[in-house]
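Q: I am new to reading protein models and would love a close look at one part of this one. Could you walk me through it slowly?

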Amino acid sequence: EVQLVESGGGMVQPGGSLRLSCAASGFTFSSNSMSWVRQAPGKGPEWVSSISPGGASTSYASSVKGRFSISRDNAKDTLYLQMNSLKPEDTALYYCARGGPATYQSKGDWGQGTQVTVSS
């Protein structure tokens with residue numbers, strides 16, 4: 001059974017930083033692209049970032065490029081999202097998902113999410 005457990009969310013002031021983690025189990029983590037997806041209140045899911053199985057290739061939504069950094073530790077089966085220069089519009093429930101930008105929706109393996117709130 002695929003399990004994805006996010007952590008690291010919280011409340012932070014604009015301009016602050018947070019690091020999200022996602023612990024994966026139930027599948028071969030190192031063979032899968034992984035993604036971060038977020039959903040703001042009243043809005044649909046928004047793809048944020050993806051990383052290739054080995055970590056060499058990454059991609060970002062234009063709204064977060066230059067501020068967020070995705071990474072992974074295949075020895076620990078863990079995915080990360082370093083978020084810097086946070087803005088109020090980054091407030092959302094953040095999910096990790098199995099798959100890349102074109103496949104995470106069809107795979108349907110998402111965690112429960114971790115809340116990020118950016119507010120002064």
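Are Arg-98 and Asp-109 buried or exposed?

A: Happy to help! This is a predicted model, in which local features need pLDDT of at least 70 and side-chain atom pairs count only at pLDDT 80 or more, while totals for chains, interfaces and linings use all residues. Residues are numbered from 1 along each chain as its sequence is written, and side-chain values use heavy atoms, with hydrogens and water left out.

Both Arg-98 and Asp-109 are buried. Buried means under 20% relative accessible area, exposed means over 50%, and partly exposed lies in between (1.4 Å probe, protein chains only). The two side chains form a salt bridge, at 2.8 Å from N to O. That term stands for a side-chain nitrogen of Lys or Arg within 4 Å of a carboxyl oxygen of Asp or Glu. Side chains of opposite charge can pair when their charged atoms come close.

Where do the partners sit along the chain? Arg-98 belongs to strand β9 and Asp-109 to the loop between α1 (104-107) and β10, so their bridge ties together parts that are 11 residues apart in sequence. Helices (H or I, at least four residues) and strands (E, at least two) are DSSP runs, numbered from the N terminus.

Arg-98 has another partner to look at: its charged end sits over the ring of Phe-27, 5.6 Å from the ring centre. To count, NZ of Lys or CZ of Arg must be within 6 Å of the ring centre and within 35 degrees of the ring normal. Arg-72 is placed over the ring of Phe-29 in this way, with its charged end 4.3 Å from the centre.

Now for the other salt bridges. The structure has four of them by this rule. One joins Arg-38 to Glu-46, with the closest N and O atoms 2.7 Å apart. Arg-38 is buried, at a relative accessible area of 5%, whereas Glu-46 is partly exposed at 30%. Another links Asp-90 with Arg-67, at 2.7 Å from N to O. Asp-90 is in the loop between β8 and β9 and Arg-67 in the loop between β6 (58-60) and β7, so this pair ties together parts that are 23 residues apart in sequence. Both of these residues are buried.

Strand β9 also takes part in a disulfide, a pair of cysteine sulfur atoms within 2.5 Å. Here Cys-22 and Cys-96 have their sulfur atoms 1.9 Å apart. Cys-22 lies in strand β3 and Cys-96 in strand β9, so the link ties together parts that are 74 residues apart in sequence. Both cysteines are buried, and the link is right-handed, with 40° about the S-S bond.

Finally, let us turn to the nonpolar core. Such a core is a set of buried Ala, Val, Leu, Ile, Met, Phe, Trp, Tyr and Cys residues joined through side-chain atoms within 4.5 Å. The largest one has 25 residues, and those with the most contacts inside it include Trp-36, Phe-68 and Leu-79. Among the strands that each supply at least two residues are β3 (18-25) and β9 (92-98), and the largest share, four residues, comes from β3. Leaving aside neighbours within four places in sequence, Leu-79 is in contact (heavy atoms within 4.5 Å) with residues including Cys-22, Phe-29, Arg-72 and Cys-96. In soluble globular proteins, nonpolar side chains tend to be buried together.
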